[in-house]
Amino acid sequence: MDESYNNRMSLVKGAKDIAKEAKRHAAKKVSKIVNRATEEYSSQRNYSQFQNEDKDNDYTFYTQPDSNGHFPCSRTANDEDGEHYASDATEGHDDEDEIYEGEYQGVPAYTDRKPRDGQDSLGQPVSDSLRDRKELELERQADEEELAQQYELIMQECGHGRFQWQLFFVLGMALMSDGVEVFVVGFVLPSAETDMCVPNSGAGWLGSIVYLGMMVGAFFWGGLSDKVGRKQCLLIAMSVNGFFSFLSSFVQGYGMFLFCRMFSGFGIGGVVPIVFPYFAEFLAREKRGEHLSWLCMFWMIGGIYASAMAWLIIPHYGWSFSMGSAYQFHSWRVFVVVCALPCVCAVVALTFMPESPRFFLEMGKHDEAWMVLKQIHDTNMRARGEPEKVFTVNRIKLPTHLDELVEMQSDSSNPVGQVLFMIRTELRGIWLTFMSCFNYPVKDNTIKLAFVWFTLSFGYYGLSVWFPDVIHHLQSDEYASRVKTHNNEHTEDFTFNFTLENQIHTNGVFVNDRFISMKLKSVTFIDSTFQNCYFDDVSTVGSLFKNCTFVEAFFYNTDIDDSKLVGSRVINSSFHHNKTGCQMTFDDDYSAYWVYFVNFVGTLAVLPGNIVSALLMDKIGRLSMLGGSMVLSGISCFFLWFGTSESMMIFMLCLYNGLSISAWNSLDVVTAELYPTDRRGTGFGFCNAMCKLAAVLGNLIFGSLVGITKTIPILLASAVLVGGGLVGLRLPDTRGHVLM
């Protein structure tokens, strides 16, 4: 008994030793294949080595579909008995090669009679726990390198043509929606807070809450795109944005409005982390830098669109309607609806686009990836007038999969419990993928990229808030310098039916005067007396009555209430049909048009920078573009010392935007190229989340310094931009690299 047991143990030990030796030889063969692929790629761009491996290699060969769209099963050269073996993509076969009902039937494949690495003699998979983890990781790394080389060659055969341009405009519309969302916050903020009577303690929450939603959304959707796919996540994220954007235009309460805009930001936060990896995976390396830079122009187009729509819609207060006193739909709500249209268009167009074939290959879905690549090839060939050209790829390397997470099925029969279990599983998967971004060899790149994203965003969004506020502060100073002061005036039996603006009346006496259908804009009455005066249809904007006395006055259809009567006395006076709510008016409001015009010009100023960065991205390199742009932007901040007028500040704003846009474009390209496919969305999402966090901090810090000092904003912006540019120069140069 003991002897028999010892013999069996010796046999098992010997089998394990033989398996380890076989794996070691297989790894060496994989390395040789990768080297040959690299050498042949440098000499001539073809992938014949991936199709003509010698019979000792144990790779899976996939066949092309026949004329009827079926995938015929083939056999190997040394398959003497004619026995067929299943593809890696197909599971559930027994000895008679039966297919279970409902299982996934992949592209049929054939191989030699030897068991594959990771299978026993019967072809059954061996648990990863029985294999050396390090060897598995090395094998996967070799597979990824081989797949990267082959995928690059396939994309070159597919060519760059109609398909990429169609996807370019669809994703550009999505990126345009992100740009619109950023500008909507600044344009809607003053009108929404005035319309909803938001107190000063609640002012400013709208801008912060939207950026916080975008920060969480960037991290969540970017990580989820590495699990369920680029297209699907982008569709869901933009649908969330479109739904809550439309809903926010109809809600009345400020709290509900904040809730809707937060979830709108949560949805749009997933656009940038998905759009750039998604488009990059459809481009060959010689086209990637340039066309990703051209794609960035749609963010500028979104800013121009938002600025133009705000200028055309918001100041027109007459574009509104009301249903009693409970429901008010003002012009700024129309602007919110119009700004949601690019998102809706992008969602509709995106439904006709395929999933990324590189993602399919990463998930082991060979036939789905093959069909998408064939669609790209055929679409481009038909556009070139060569429809007869055949897609010659018949096998694509699939990477080895590691069992990072074993998902246990939920035993709960409750649908809610199953949904919660699925959400918890996906969140755990996202977290594990995020933590892998801090593993070798991408750990250093993740830290450097996060720092560059943070510094560039902190300087850009901080100064974007500071510039308009400084211009508004200069306007206010100029406006205050033109104030008209009236002292000890006395009027009797006079009718005021015109607008009073930017005036101060001190110690005035008004007897039997009539104020009818008039507006008081920035008018202050101090220590004045109103005796037997009649007020009818009077609107006040920024006007106050300080320490005034009203004797036997009559108020009808006015907005004069306790908030306007500061320290004033009202004796034997009556108020009838007072205007309720916060009054909005843009009639002859020069400042409203001026804000939209400044943003329009500042956004348009990035056009030259976009063109230059797109044309030079592949010529001077991503890192030179990134570091040089950030350093020059930091240096340009010192010219703000000379910004003593509105025109000079606008010029400084245009100069800064034009210099910084090249840094944004190159940073988008570098981030998409540095991460491997299984972590590309997660890494991009984390970096973009840091960007939104910096935007919140920049708005708070720079906004608090307006009108106090110029020194701190200038030095702070210069320091972070130059520091981020120097760190960016330390990143690996991805020009000429294939997507891993």
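In this predicted model, helix α5 passes helix α7 in a left-handed crossing. The axes of α5 (residues 230-248) and α7 (residues 271-280) come within 10 Å and cross at roughly 150°. That angle makes α5 roughly antiparallel to α7, because angles over 145 degrees count as such.

On the α5 side, the residues in contact are Arg230, Lys231, Cys233, Leu234 and Met238. Their counterparts in α7 are Val271, Ile274, Val275 and Tyr278. By type, this contact of α5 with α7 divides into seven nonpolar residues, two charged and no polar.

Helix α7 also takes part in an aromatic pair, through Phe276. The whole structure holds 51 aromatic pairs; two of them are set out below.

| Pair | Class | Centre to centre | Angle between planes |
|---|---|---|---|
| Phe276 and Phe684 | stacked | 6.0 Å | 5° |
| Tyr461 and Trp664 | edge-to-face | 6.4 Å | 75° |

The stacked pair links distant parts of the chain, with Phe276 in α7 and Phe684 in helix α19 (residues 680-704), 408 residues apart. Phe276 has 1% relative accessibility and therefore counts as buried. Phe684, at 0%, counts as buried too.

In the edge-to-face pair, Tyr461 belongs to helix α14 (residues 443-481) and Trp664 to helix α18 (residues 646-674), so the pair ties together parts 203 residues apart in sequence. Both Tyr461 and Trp664 are buried.

Elsewhere, ring pairs join a set of phenylalanines into a cluster. Its members are Phe494, Phe496, Phe498, Phe510, Phe515, Phe525, Phe530, Phe535, Phe545, Phe550, Phe555 and Phe575.

Terms used. Residues numbered from 1 in each chain as written. Predicted model: local features only at pLDDT ≥ 70, side-chain atom pairs only at ≥ 80, totals over all residues. Heavy atoms only, no water. Axes fitted to C-alpha atoms, helices over the stretch in contact; angles between N-to-C directions. Helix = DSSP H or I, 4+ residues; strand = E, 2+ residues; numbered from the N terminus. Parallel < 35°, antiparallel > 145°, perpendicular 65-115°, else oblique. Left-handed = near helix turned anticlockwise from the far one by under 90°. Contact = heavy atoms within 4.5 Å. Nonpolar A, V, L, I, M, F, W, Y, C, P; charged D, E, K, R; others polar. Phe/Tyr/Trp six-rings, centres within 6.5 Å; stacked < 30°, edge-to-face > 60°. Buried < 20%, exposed > 50% of the residue type's maximum accessible area, 1.4 Å probe, protein only.
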